[in-house]
Amino acid sequence: MEEVDILIIGAGVVGLAVGKEVAKDNRRVIILERNNSFGRETSSRNSEVIHGGMYYPAGTLKARLCVRGRRLLRELCEKYRIPHRWTGKVIVAVDEMERSALEGLYALGCANGVEDLAMLDAAGLKKVEPNVRGLCALHSPCTGIIDSHKLMAFLLRSARDNGAMVAFDAEAVAIEKIKNGYSISVRNGNDVSKIEARVVVNSAGLDSDMVAGMAGIDVDKDGYRLHYCKGQYFRVNGAKSRMVGGLVYPVPRPKAVGLGIHATVDLAGSLRLGPDDEYMKERVKDYSVDSMRAGKFCGSIKAIMPFIEHEDIVADTSGIRPKLQEAGGEFRDFVIKDESERGLPGFVNLIGIESPGLTASPAIAEYVGDMAERILC
Ligand SMILES: Cc1cc2nc3c(=O)[nH]c(=O)nc-3n(C[C@H](O)[C@H](O)[C@H](O)COP(=O)(O)OP(=O)(O)OC[C@H]3O[C@@H](n4cnc5c(N)ncnc54)[C@H](O)[C@@H]3O)c2cc1C
């Protein structure tokens with residue numbers, strides 16, 4: 001029977017960042033991943049935006065870890081040459097009602113510690129994005145994009161260099177509380193083996209509620225049930241993809257679950273629209289993209305990017321948000337918690353790690369690292 005100090009379930013960007021962090025203290029660490037490689041789920045199906053942090057209620061983990069994570073990512077990207085670009089972003093208002101919502105976002109961003117935010121009038125917006133139309137805009141120069149695959153490859157290498165083991169095709173299928181920690185049953189093909197760990201970090205993304213359930217938590221009673229909310233993307237063809245320089249967002253609708261269909265550039269210079277947001281009726285990982293939505297995407301973005309026509313866009317990819325917030329429900333923060341009060345000391349749940357989880361990943365790792373150290377000391 002293998003024994004470790006810390007066992008991490010999931011090798012998405014968050015599990016890998018946590019692995020890198022906790023392995024550096026000479027702890028025995030293993031990361032389990034059910035797929036045959038890292039980052040095959042949400043971490044490779046997102047917009048790759050390094051968010052500023054102006055959308056989340058002040059004081060929440062989403063706000064704090066986004067701002068801290070962005071600063072840590074900047075250091076990592078510069079030091080280890082992880083491909084990224086500070087494209088900047090504009091959130092564009094088209095009428096007076098949106099202007100007042102934008103002023104609210106500006107105030108929230110300042111309260112959250114987002115640097116260099118500026119309100120632009122129509123002429124200021126034209127200078128930053130000449131082809132975008134609007135009454136005014138909120139400009140965030142410290143927002144950017146990153147190559148998420150290269151980031152994860154770097155985190156995997158660093159976790160291994162720090163001494164962590166990473167097991168692919170290794171699915172956690174049962175968790176039992178034992179005297180000094182947990183016994184985790186791990187399926188690899190037809191074999192099932194057991195690993196004992198003093199600390200378990202549940203970083204299982206879309207299935208993190210199921211993993212919490214394996215440890216005996218009542219996910220419905222404790223408010224940990226995840227709801228899948230799909231986001232689809234369309235790609236802009238040809239020369240039109242060069243008509244914006246950075247990231248262009250609408251003002252989010254009140255109580256919206258996503259940020260509204262927006263335009264993001266990638267490091268290769270191509271432009272995508274999306275993601276939209278739709279709660280899924282069934283809990284399935286269906287990543288198909290409905291090409292019939294082109295009209296809806298076009299209609300939605302035209303108010304701020306009038307040059308986009310139906311024939312300019314083609315169906316691209318999709319991702320699924322692991323949301324704690326139900327359809328029509330209130331804002332829910334990340335859950336990052338040692339479950340001592342539920343009788344599970346050393347069982348650390350990371351649930352509902354939707355956007356800005358990619359941006360926040362190094363800060364989540366730092367937060368979990370401190371928690372694990374306190375548990376193990
Ligand atoms: C459409 C969309 C757009 C987004 N855009 C952005 C963005 O621009 N910027 C940003 O900051 N964030 C963005 N996000 C959020 C970001 O992608 C996620 O927060 C982040 O990828 C979550 O990483 P993770 O490691 O928690 O989860 P995942 O990447 O889902 O990793 C979890 C891993 O756990 C594994 N696993 C699950 N169960 C088990 C088990 N029992 N045993 C072993 N392994 C298991 C899975 O196979 C998976 O690899 C977006 C998300 C979506 C859906």
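This is a short group-meeting talk on the predicted model shown above.

Okay, hi everyone. Remember as we go that this is a predicted model. I'll begin with the overall layout, then the ligand, then the strands, and finish with some backbone oddities.

So, the layout. The protein is split into two domains. Domain 1 is built from 2-45, 149-222 and 331-376, and domain 2 from 89-141 plus 227-323. If you take the C-alpha centres of domain 1 and domain 2, they sit 32 Å apart. How many residues of domain 1 are in contact with domain 2? Eight, and they meet ten residues of domain 2. On the domain 1 side of that contact, you've got two nonpolar residues, four polar ones and two charged ones.

Now, the ligand. Where does it lie relative to the two domains? Between them, because domain 1 and domain 2 both give residues to the shell around the ligand. There are 42 residues around the ligand, and the ones that come nearest are G10, G12, N46, G205 and G357. Four elements give two or more residues to this shell: helix α1, which is 13-23, strand β10 at 171-178, strand β18 at 313-323, and helix α8 at 357-376. And if you're wondering about the chemistry of the shell, the residues divide into 15 nonpolar, 17 polar and ten charged.

Let's move on to the strands, with β2 as our starting point. Just as a reminder, strands of a sheet pair through backbone hydrogen bonds, and that can be parallel or antiparallel. β2 pairs with β1, residues 2-9, in the parallel sense, over four bridges. One spot to click on is I9, which stands opposite L32 in β2. To get from β1 to β2 the chain goes through α1, and that β-α-β crossover is right-handed. β2 also pairs with β9, again parallel, this time over three bridges. L32 turns up here too: its bridge partner in β9 is A167. As for the side chains of β2, V29 and I31 point one way, I30 and L32 point the other way, and all of them are buried.

There's also an open sheet of three strands, in the order β3-β8-β4, and the pairing there is antiparallel. Which strands are at the edges? β3 and β4, since each of those pairs on one side only. Between β4 and β8, which is residues 144-146, there are two bridges. R85 is a handy marker, with I145 as its bridge partner in β8.

Okay, backbone oddities. Most residues other than glycine have a negative phi, and most peptide bonds are trans. So here are the exceptions, starting with the prolines. The bond from G274 to P275 is cis, with omega near -5 degrees. P275 is in the loop between β16 and β17. A second cis bond joins S355 and P356, with omega at about 10 degrees. P356 is in the loop between β20 and α8, and α8 is one of the elements in that ligand shell.

Then the phi values. E48 has a positive phi, near 60 degrees, and is found in the loop between β2 and β3. Is E48 buried or exposed? Buried, because it has 21 other C-beta atoms within 10 Å, and the cut-off for buried is 20 or more. D169 has a positive phi as well, near 50 degrees. D169 is in the loop between β9 and β10, but unlike E48 it counts as partly exposed, with 14 other C-beta atoms within 10 Å.

Two last residues. P57 is in the loop between β3 and α2, and with 12 other C-beta atoms within 10 Å, P57 is exposed. Leaving aside residues up to four places away in sequence, P57 touches A63 and F331. The other one is A118, in strand β6. A118 is partly exposed, with 13 other C-beta atoms within 10 Å. A118 and H139 are 21 residues apart in sequence, but their C-alpha atoms are 5.2 Å apart in space.

That's my tour. Over to you!

How values were computed. Residues are numbered from 1 along each chain as its sequence is written. This is a predicted model: local features need pLDDT of at least 70, side-chain atom pairs count only at pLDDT 80 or more; totals for chains, interfaces and linings use all residues. Domain bounds come from an automatic or database domain assignment. Two residues are in contact if their C-beta atoms, placed from the backbone, lie within 7 Å. Ala, Val, Leu, Ile, Met, Phe, Trp, Tyr, Cys and Pro count as nonpolar, Asp, Glu, Lys and Arg as charged, and the others, Gly among them, as polar. A residue is near a molecule or strand if its C-beta atom, placed from the backbone, lies within 6 Å of it. Two strands pair if DSSP finds at least two bridges between them. A crossover is right-handed if, with the strands pointing away from the viewer, the path from the first strand over the helix to the second runs clockwise.
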